[in-house]
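Trainee: I've just opened this one and I'm not sure where to begin. Could you walk me through it?

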Amino acid sequence: MTPLDETPSAQDPQSAAGGPAAGPAATGGGRHARPARSEQQEVTQAALFDAFGGVRGTVETMLPGLLFVMIYTVNRDVRLSAIAAGALAVVLVVVRLLRKDTVKHAFSGVFGVGVGVAFALFTGSAKGFYLPGMIYGAGLGAAFTLSALVGFPLLGVVLGPVFRENMSWRTRNPGRKKAYTKASLAWGIIFLAKYAILFPLYWWGDATQLGWVLIALKLPPMLLAVYFTWVFLAKAPPPIDVIAEYEAEEAERKAAKAKAGTAQPGKPQD
């Protein structure tokens, strides 16, 4: 079985020490002990922080946009505002690199800011800085909603590797699939509601008003979506650690092969 397999193993994989190899408990057949509820909530919270960058990652994604709207509010200079926001995004990535911190969220942030800067400079409009992010966010909301409705929740695809369960939730853990579906639907509804407010401002509102409203709506919807995700997953069955299962089976195969090799009779003596 590979780490991506979604069918149960033919035997109960054990670690080299003789205990269960899988981390968080599986749900089927009583193969693993279910962890305490508080422990599961802590694991879920840690995984969500890792997946979405935590407080620091969220703040770093807000700062370039905040700097843009602050500068534009003061002097109405689109070029200066865009260049300053782009420079700040690059500085944030460099700081993470120098500190040897995780940069995946910083790089995604600087890419988004870079696209916004390019749009602003190309169109000469402050609204151009916000448009790519708005299109992306609305598209993401639609994708979350659609994925939940068709039974293939996008949040499960995103968080599965974080929980070391990969895609096992689809066929081996129906309780987690249900939780991922609810969470994905929550993300979709929250994002679509957010951009239902922002797009009318984009078309008919002032660029400065749009910028400040966008900043104000940056964090609360995200926190609300993460909270709903935490609630649904904390109450769901624990994830099946398919990586540990695969590693345990590999160790068993190697041990069996080594045992078979030592059990072979030696060559007859002269």
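Trainee: Thanks! In what order do the elements of the protein run from the N terminus on?

Mentor: Keep in mind that we're looking at a predicted model. The secondary structure comes to 10 helices and 0 strands. Reading from the N terminus on, the elements go α-α-α-α-α-α-α-α-α-α.

Trainee: What share of the residues in the protein is buried?

Mentor: Let's put the surface next to it: the accessible surface comes to about 14500 Å², and 67% of that belongs to carbon and sulfur atoms. The protein has 270 residues, and the buried share of them is 40%.

Trainee: Among contacts between residues at least 6 apart in sequence, how many join residues at least 24 apart?

Mentor: Here you leave out pairs under 6 apart and look at what remains. Of those contacts, the share joining residues at least 24 apart is 74%.

Trainee: On to charges. Which residue forms a salt bridge with Arg96?

Mentor: A search of the whole structure finds 6 salt bridges, and the one at Arg96 has its closest N and O atoms 2.8 Å apart. This pair links distant parts of the chain, with Arg96 in helix α3 (residues 78-98) and its partner 36 residues apart from it in helix α2 (residues 54-75). That partner is Glu60.

Trainee: Is Glu60 buried or exposed?

Mentor: Take Arg96 to start with: its relative accessible area is 7%, so it is buried. For Glu60 the relative accessible area is 13%, and the limit for the same label is under 20%. So Glu60 is buried.

Trainee: How many residues apart in sequence are the parts that Arg76 and Asp206 tie together?

Mentor: Arg76 and Asp206 form a salt bridge, with the closest N and O atoms 3.9 Å apart. Arg76 sits in the loop between α2 and α3, while Asp206 sits in the loop between α7 and α8 (207-216), so the parts they tie together are well separated in sequence: 130 residues.

Trainee: And what separates Arg253 from Glu250 along their helix?

Mentor: These two form a salt bridge as well, the closest N and O atoms being 2.3 Å apart. Arg253 is partly exposed at 42% relative accessible area, and Glu250 is partly exposed at 25%. They are both in helix α10 (residues 242-263), 3 residues apart, so the separation is about one helical turn.

Trainee: Which side chain of opposite charge is nearest to Lys194?

Mentor: Lys194 belongs to helix α7, and it is buried yet has no salt bridge. What it does touch, leaving out residues up to four places away in sequence, is Leu217, Lys218 and Pro221. The nearest side chain of opposite charge is 17 Å away, and that is Glu60.

Trainee: Now the rings: what kind of aromatic pair do Phe68 and Tyr130 form?

Mentor: The count comes to 14 aromatic pairs. For Phe68 and Tyr130, the centres are 5.5 Å apart and the angle between the planes is 85 degrees. Angles over 60 degrees get a particular label, so this pair is edge-to-face.

Trainee: Which helices does that pair tie together?

Mentor: Both rings are buried, Phe68 at 0% relative accessibility and Tyr130 at 5%. Ring pairs also link these two with Tyr72 and Phe129 into a cluster. Phe68 and Tyr130 are 62 residues apart in sequence, so the pair ties together parts in helix α2 and helix α5.

Trainee: How far apart in space are Val110 and Ala85?

Mentor: Val110 lies in helix α4 (residues 104-123) and is partly exposed at 21% relative accessibility. Leaving out residues up to four places away in sequence, it touches Ala89, Val90 and Val93. Val110 and Ala85 are 25 residues apart in sequence, and their C-alpha to C-alpha distance is 9.5 Å.

Trainee: Last one: what accessible area do the residues of the nonpolar surface patch have together?

Mentor: The patch is formed by Leu146, Leu149, Val150, Phe152, Val157, Leu185 and Ile189. At least two of its residues come from each of α5 (127-149) and α7 (174-204). Val150 is in the loop between α5 and α6 (154-159), and it counts as exposed because its relative accessibility is 56%. Together the patch residues have an accessible area of about 630 Å².

Key. Residues numbered from 1 in each chain as written. Predicted model: local features only at pLDDT ≥ 70, side-chain atom pairs only at ≥ 80, totals over all residues. Heavy atoms only, no water. Patch = residues over 30% accessible without salt bridge, like charges linked within 9 Å, V, L, I, M, F, W, Y side chains within 5 Å. Areas by Shrake-Rupley, 256 points an atom, 1.4 Å probe, with all protein chains shown as cover. Salt bridge = Lys/Arg side-chain N within 4 Å of Asp/Glu carboxyl O. Helix = DSSP H or I, 4+ residues; strand = E, 2+ residues; numbered from the N terminus. Buried < 20%, exposed > 50% of the residue type's maximum accessible area, 1.4 Å probe, protein only. Lys, Arg positive; Asp, Glu negative; His and termini not counted. Contact = heavy atoms within 4.5 Å. Phe/Tyr/Trp six-rings, centres within 6.5 Å; stacked < 30°, edge-to-face > 60°.
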